[in-house]
Amino acid sequence: MIGRVWAMLRRPTLVRRLMMAQMLTLTVLWSLAVAYVLFEGTGEASNVGRGVLRAIISVADNLADQPARQQHSLRMIDEALREEFETGQVPELAPRILVWRGGELVYKSPEAPSGIRSAGPEQMEMVYIKGQAWRSRSLTEGGTRVTVLEVGGPWQFFITINSHGYYLLPLLISLPFLLLPAWLSIRLAMRPWRRVAQEVAARGPQDLRPLAFKPPHGELAALVDNINALLQRVGASAARERSFIADATHELRTPLAAMRVNVEALQAQASDPRQQELLDGILNSGNRAARLVGQLLQLTRSEVQAQAGERPPQALDILLQDRLAALSGLAQVGGIELELQASVSLQVPGQRESLVSLIDNLVENAIKYSPHGGSVTVSLHAERGQAVLHVADQGPGIAPALYERVFDRFFRAPQQAQPGSGLGLAIVASVVQQHGGTIQLHRASGGQGLLVEVRLPLAPSGRAVV
């Protein structure tokens, strides 16, 4: 379970890619905003305004004759300037003030560096005291001047963030909460894409019609147009292939039949046993070639009939009786007993010739692979709105690992002793698919032989009649 979830998370998706692009874009914008704020913050004036500095000078001048009250008032102003930083538990970032009057230092903030003599310019300048960078700004009026020192260097970053946080924090905090809205918006925006994918996934290999869904979106409409153009080209190519196979097989039947007649005539006149043996080999090869041509014709016709679309109800039980009667001669030659178990009358919508081809191939295969004196059992019953056809033989069966591959055209199981073209089950699978059914292979009862199970949907009026 954990492995599947991890594999799903690792699998690249367009939704995740678009979300990453959105988040990356927001992160870049946020980084640019931070860089802009920091750039502006390093060149800006002191956080202590000129009005505050003038107020300090005024207090120092007005209370010059009352040193105690002067000290108290200046300390109160100093503590007010420091309050915000001490509340934020960063007192080291608080500004320090120094006040001179008549060249005498009358007030100095706690922890303010000593040795500041110059009044300095009114503009901000950077000074270094014992290796510590300080941003200094002074104001002089009359004989009184006040200097404000603020921590510079790397600490300036935190001071700028503290003073401009209202610009950056909303974007920083909202970034994680944008994931869900971004995911929902992308999912909604990709609904037309999923609809196209679902329609393509629902198509069978024989359904080459243009896609029914026509999205109005420019990018997706171009993709659908290209898919439809590809389907049209594939359909035309498949039609040419079917036409070629049909023409070739039809043209091959006549010379094969003529060859068989001539060989049989020669065989009737030949008295040498060696010649008889050679002519038997030619006759057998001709029969295999004729059977291959016939199967190719069946396959081509079944595909053409499937595209015709007309599927009248067919009585499957009666069709089984007719075909088993027709194949009884073949079974007698091999000493095989044919048994039909069909106590219900079932109708399925379909093409009669295709269904005949399906039954013939299944029963002929069962007869061919059953041992002499064995039996082939054909049964028919209804189950959950489907006609279920079973054909079981007593042959060697097929290894379960090859159950899927035996439906490929011209595939034959390894070490197969019986001659064949490898088209029989491919024809059956094609007919079943065209009729909307399913086919499965199982071991026959008792573990020996092969059981082929075909399920076809019943016709609306094809309910079972016992």
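**Salt bridges, a buried aspartate and internal cavities**

The structure holds 8 salt bridges, and the model in which they are found is a predicted one. One of these contacts joins the side chains of D61 and R101, with a nitrogen-to-oxygen distance of 3.1 Å. Because D61 belongs to helix α3 (residues 50-62) and R101 to strand β1 (residues 96-101), this pair ties together parts of the chain that are 40 residues apart in sequence. Both partners are partly covered: D61 is partly exposed, with a relative accessible area of 29%, and R101 is likewise partly exposed, at 34% relative accessibility.

A further salt bridge is formed between the side chains of R323 and D360, where nitrogen and oxygen lie 2.8 Å apart. Here the partners are drawn from two helices, R323 from α10 (residues 316-333) and D360 from α11 (residues 352-369), so that parts 37 residues apart in sequence are tied together. D360 counts as buried, its relative accessibility being 11%, a value that falls under the 20% limit used for that class.

The side chains of R384 and E383 also meet in a salt bridge, with a nitrogen-to-oxygen distance of 3.4 Å. R384 is exposed, with a relative accessible area of 74%, whereas E383 is partly exposed at 26% relative accessibility. These two residues are part of a network of salt bridges that links E383, R384, E453 and R455.

A charged residue without such a partner is provided by D78, which lies in helix α4 (residues 67-87). D78 is buried yet has no salt bridge, and the nearest side chain of opposite charge, that of R82, is 4.8 Å away. This separation of 4.8 Å is to be set against the requirement that a salt bridge have its nitrogen within 4 Å of a carboxyl oxygen. When neighbours within four places in sequence are left aside, the residues in contact with D78 are P95, I97, Y107, S109 and P110.

In the chain as a whole, 12 helices and 12 strands are present, and 36% of the 466 residues count as buried. Among contacts between residues at least 6 apart in sequence, 63% join residues that are at least 24 apart. The accessible surface of the chain comes to about 27400 Å², and 58% of this area belongs to carbon and sulfur atoms.

The interior was also examined for enclosed space. Rolling a probe the size of a water molecule over the atoms shows where empty space is left. The structure holds 2 cavities of 30 Å³ or more, and the volume of the largest cavity is about 410 Å³. The lining of this largest cavity is made up of 27 residues, of which N365, Y369, I398, Q416 and L425 lie nearest its centre. At least two lining residues are supplied by each of α9 (273-308), α11, α12 (424-434) and β12 (450-457). Of the contributions to the lining of the largest cavity, that of α11 is the greatest, with 6 residues. Helix α11 thus appears in two of the features described here, as the element that holds D360 of the salt bridge with R323 and as the element that gives the most to the lining of the largest cavity.

Technical notes:
Residues numbered from 1 in each chain as written. Predicted model: local features only at pLDDT ≥ 70, side-chain atom pairs only at ≥ 80, totals over all residues. Heavy atoms only, no water. Helix = DSSP H or I, 4+ residues; strand = E, 2+ residues; numbered from the N terminus. Buried < 20%, exposed > 50% of the residue type's maximum accessible area, 1.4 Å probe, protein only. Contact = heavy atoms within 4.5 Å. Areas by Shrake-Rupley, 256 points an atom, 1.4 Å probe, with all protein chains shown as cover. Lys, Arg positive; Asp, Glu negative; His and termini not counted. 1 Å grid on protein atoms, 1.4 Å probe; cavity = no way out; pocket = protein on both sides within 12 Å on 5 of 7 lines; lining within 4 Å. Points joined across faces, edges and corners; volume = space filled by probe spheres on them.
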